[in-house]
Amino acid sequence: MIPALPPLDWAAVLTVLPEPGYVVLPDFIPASLVTALRHELREQEVSGRFHAAGIGRGAAQQIQRQIRGDRIAWLEASWPAAAAYLQLLDDLRQQLNRELFLGIAEYEAHYACYEPGNGYGRHIDRHVSMAGSGQGQRVISTVCYLNEPGWPADAGGELVLYPEGATPLSVTPEAGTLVVFRSDSMAHEVLPANQQRLSIAGWMRTRD
Ligand code: OGA
Ligand code: MN
């Protein structure tokens with residue numbers, strides 16, 4: 001069963017997504033889907049689908065544990081929970097296209113698992129090396145959290161957004177929260193947590 005998009009305050013989303021460039025949507029993913037996604041992540045992990053994440057693309061891809069410490073598995077539409085999630089995000093993609101004329105053609109996403117002590121240093125999601133690569137451009141970044149409900153206040157693992165010319169914002173990786181931000185300009189980082197941290201990171205992009 002594919003859940004419907006939760007009612008969104010579109011006027012608010014459209015006001016803030018261009019500038020300062022982000023919107024945080026608590027409880028965007030229904031609790032039952034979060035649970036199904038968490039279980040599917042674990043299954044895929046046991047099946048050996050996860051690998052250390054790299055930085056950049058293609059030949060420029062490097063694995064540098066100090067900078068980026070997650071392990072990932074790209075979502076496949078043949079996985080049931082992933083399919084429901086991809087459908088939901090596709091609805092969001094279409095609405096954003098209609099309202100903001102972003103010309104986003106595709107969405108790609110991966111499960112991510114950060115072990116305690118691992119984070120992801122400050123970065124921007126649009127890779128320079130992707131220009132002209134036939135991969136399109138990342139326009140909108142999304143992160144959805146799959147942790148057990150009630151992430152402890154002292155566990156760390158916040159996503160910190162650094163909008164240009166505005167105050168940084170710390171987001172707790174609470175189950176079901178979806179964070180949406182601009183891929184081209186929003187610097188951000190993942191602080192290390194003292195417990196395992198589960199998420200889906202994804203990107204809406206143009207086609208070349
Ligand atoms: C990423 C990323 C943020 C998060 O995967 O590029 O910035 O909160 N993730 O997991
Ligand atoms: Mn990122």
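This dialogue reads a predicted model feature by feature, from confidence to metal site, pocket and cavity.

Reader: Where do I start with a predicted model, and what average pLDDT does the protein chain have?

Author: Start with confidence, which pLDDT gives for each residue on a scale from 0 to 100. Here the protein chain averages 90, and 90% of the residues score at least 70.

Reader: Which element has the lowest mean pLDDT, and which the highest?

Author: Helix α1, residues 10-16, has the lowest mean, 83. Strand β7, residues 159-162, has the highest, 98.

Reader: Next, the backbone. Which peptide bond is cis?

Author: To read this, look at the angle omega. The bond from E19 to P20 is cis, with omega near 0°. P20 belongs to the loop between α1 and β1, the strand at 22-25.

Reader: What is phi at D27, and where is D27 found?

Author: Phi is another backbone angle to check. At D27 phi is near 55°, a positive value in a residue that is not glycine. D27 sits in the loop between β1 and α2, the helix at 31-46. F101 also has a positive phi, about 55°, although F101 is not a glycine. The loop that holds F101 runs between α3 (80-100) and β4 (106-114).

Reader: Are D27 and F101 buried or exposed, and why?

Author: The general idea is a cut-off: a residue counts as exposed when its relative accessible area is over 50%. D27 is exposed because its relative accessible area is 61%. F101 has 72%, so F101 is exposed as well.

Reader: Now the metal. Which residues are the protein donors of the manganese ion?

Author: For a metal site, list the donor atoms and their distances. The manganese ion, ligand 2, has as protein donors NE2 of H123, OD of D125 and NE2 of H188, at 2.1 to 2.2 Å. Along the chain these donors follow the spacing H-x1-D-x62-H. H123 in strand β5 (residues 120-123) and H188 in strand β10 (residues 187-190) are 65 residues apart, and the pair links distant parts of the chain.

Reader: Are these two histidines buried or exposed, and why?

Author: Here the other cut-off applies: buried means under 20% relative accessible area. H123 has a relative accessibility of 14%, so H123 counts as buried. H188 is buried because its value is 4%.

Reader: What volume does the largest pocket have, and which residues are closest to its centre?

Author: With a pocket, take the volume, then the lining. The volume of the largest pocket is about 410 Å³. The lining has 31 residues, and those closest to the centre are R68, H110, Y120, A201 and W203.

Reader: Which element gives the most to that lining?

Author: β6 gives the most to the lining of the largest pocket, 5 residues. At least two residues each come from β3 (70-74), β4, β5, β6 (138-145), β10 and β11 (197-205). By class, the lining of this pocket has 14 nonpolar, 11 polar and 6 charged residues.

Reader: How many cavities of 30 Å³ or more are found in the whole structure?

Author: A pocket is open, whereas in a cavity the probe fits but cannot get out. The search finds 1 cavity of that volume or more. About 40 Å³ of space lies in the largest cavity.

Reader: Which residues line the largest cavity?

Author: L8, W10, V13, L17, V23, L25, L92, L96 and V180 line the largest cavity. By class, this lining has 9 nonpolar residues, with no polar and no charged ones. α1, β1 and α3 each supply at least two of the lining residues.

Reader: Where does L8 lie, and which residues is L8 in contact with?

Author: For a single residue, find its place, then its contacts. L8 lies in the segment before α1. Apart from neighbours within four places in sequence, L8 is in contact with L25, F28 and L92. The C-alpha atoms of L8 and R68, 60 residues apart along the chain, are separated by 32 Å.

Reader: Is L86 buried or exposed, and what separates L86 from G202?

Author: L86 is in helix α3. L86 counts as buried because its relative accessibility is 19%. L86 and G202 are 116 residues apart along the chain, yet their C-alpha atoms are separated by 9.7 Å. Leaving aside neighbours within four places, the contacts of L86 are L75, A77 and Y107.

Key
Residues numbered from 1 in each chain as written. Chains lettered and ligands numbered in written order. Predicted model: local features only at pLDDT ≥ 70, side-chain atom pairs only at ≥ 80, totals over all residues. Heavy atoms only, no water. Helix = DSSP H or I, 4+ residues; strand = E, 2+ residues; numbered from the N terminus. Buried < 20%, exposed > 50% of the residue type's maximum accessible area, 1.4 Å probe, protein only. Donors = N, O, S within 2.8 Å, 3.2 Å for Na, K, Ca; no water. 1 Å grid on protein atoms, 1.4 Å probe; cavity = no way out; pocket = protein on both sides within 12 Å on 5 of 7 lines; lining within 4 Å. Points joined across faces, edges and corners; volume = space filled by probe spheres on them. Nonpolar A, V, L, I, M, F, W, Y, C, P; charged D, E, K, R; others polar. Contact = heavy atoms within 4.5 Å.
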